[in-house]
Amino acid sequence: MAKGYWVSVYRAISDPERLTAYDKLAGPAVQAGGGRLLSRGSRVVAHEAGNTQRVVLIEFDSFEQAVAAHESEAYQKALAALSDGVERDFRIIEGLD
């Protein structure tokens, strides 16, 4: 079964307090959904139209698990706390195997 991944690239952080509130709620929600944080804000080398603001990579055992974790009540509360505090590109992608 192919793994699932959350990939977030932050273009702008306009409200760091909202991001902090989101982080406090999102971490436990991701863990409860079976997610494992692989990278968050570590070193980034961007090429072409890349962005180095903040990049987050989370792994799940399956694509379906990644989608379900995003749709969970706990993660939706985290998103509500984040509101418009950031501009980001968030994707759920399926791994190759």
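Let's start with one residue: Leu79 is partly exposed, with 22% of relative accessible area. Buried would mean under 20%. Keep in mind as we go that this is a predicted model. Leu79 sits in helix α3. Which residues does Leu79 touch, leaving aside its neighbours within four places in sequence? They are Tyr22, His70 and Arg88. You can also look from Leu79 across to Arg18: these two are 61 residues apart in sequence, but their C-alpha atoms are 9.7 Å apart in space.

Now follow Leu79 into the helix packing. In general, two packed helices are described by the angle between their axes and the distance between those axes. For helix α1 (residues 16-32) and helix α3 (residues 73-82), the axes come within 8 Å and cross at roughly 175°. Angles over 145 degrees count as roughly antiparallel, and α1 and α3 are therefore roughly antiparallel to each other. On the α1 side, the contact is made by Arg18, Leu19, Ala21, Tyr22, Leu25, Ala26 and Ala29. On the α3 side, Ala74, Tyr75, Lys77, Ala78, Leu79, Ala81 and Leu82 take part. Sort these residues by class and you get 12 nonpolar, no polar and two charged.

Helix α3 has another helix partner, α2. Here the axes come within 5 Å and cross at roughly 55°. α2 and α3 are therefore oblique to each other. From α2, the contact involves Ala69, His70 and Glu71, and from α3 it involves Glu73, Tyr75, Gln76 and Leu79. What classes do the residues of the α2 and α3 contact fall into? Three are nonpolar, two are polar and two are charged. Notice that Leu79 turns up in the contact with α1 and again in the contact with α2.

Time to look at the sheet. As a general point, the strands of a sheet pair through backbone hydrogen bonds, either parallel or antiparallel. This one is an open sheet of four strands in the order β2-β3-β1-β4, with antiparallel pairing. Which strands are at the edges? They are β2 and β4, each of which pairs on one side only. From one strand to the next, the twist averages 15°.

Walk across the sheet in that order and check the pairings. β2 and β3 are joined by four bridges and run antiparallel. Arg36, for example, has Glu59 in β3 as its bridge partner. Next, β3 and β1 are joined by seven bridges, again antiparallel, and here Val7 stands opposite Leu57 in β3. Finally, β1 and β4 pair in the antiparallel sense over nine bridges, with Ala12 opposite Glu87 in β4.

How do the helices meet this sheet? α1 lies across β1, β3 and β4, and runs at about 175° to β1. α3 packs on the sheet too, where it touches β1 and β4, and its direction makes about 155° with that of β4.

Last stop: the charged side chains. How many salt bridges does the structure hold? There are 10. One of them brings together the side chains of Arg11 and Asp89, at 3.8 Å from N to O. Arg11 belongs to strand β1 (residues 4-13) and Asp89 to strand β4 (residues 86-94), so this pair links parts of the chain that are 78 residues apart. Arg11 counts as partly exposed, at 45% relative accessibility.

Arg18, which we met in the α1 contact, also forms a salt bridge with Asp84, with 4.0 Å between the closest N and O atoms. Arg18 lies in helix α1 and Asp84 in the loop between α3 and β4, so the pair ties together parts that are 66 residues apart in sequence. Is each partner buried or exposed? Arg18 is partly exposed, with a relative accessible area of 31%, while Asp84 counts as exposed at 56%.

Arg36 comes back here as well. Arg36 forms a salt bridge with Asp61, and the closest N and O atoms are 3.0 Å apart. Arg36 is in strand β2 (residues 36-40), and Asp61 is in the loop between β3 and α2, 25 residues apart. Arg36 is partly exposed at 31%, and Asp61 is partly exposed at 44%. Both belong to a network of salt bridges that links Lys3, Arg36, Glu59 and Asp61.

Conventions:
Residues numbered from 1 in each chain as written. Predicted model: local features only at pLDDT ≥ 70, side-chain atom pairs only at ≥ 80, totals over all residues. Heavy atoms only, no water. Axes fitted to C-alpha atoms, helices over the stretch in contact; angles between N-to-C directions. Helix = DSSP H or I, 4+ residues; strand = E, 2+ residues; numbered from the N terminus. Parallel < 35°, antiparallel > 145°, perpendicular 65-115°, else oblique. Contact = heavy atoms within 4.5 Å. Nonpolar A, V, L, I, M, F, W, Y, C, P; charged D, E, K, R; others polar. Buried < 20%, exposed > 50% of the residue type's maximum accessible area, 1.4 Å probe, protein only. Pairing = 2+ DSSP bridges.
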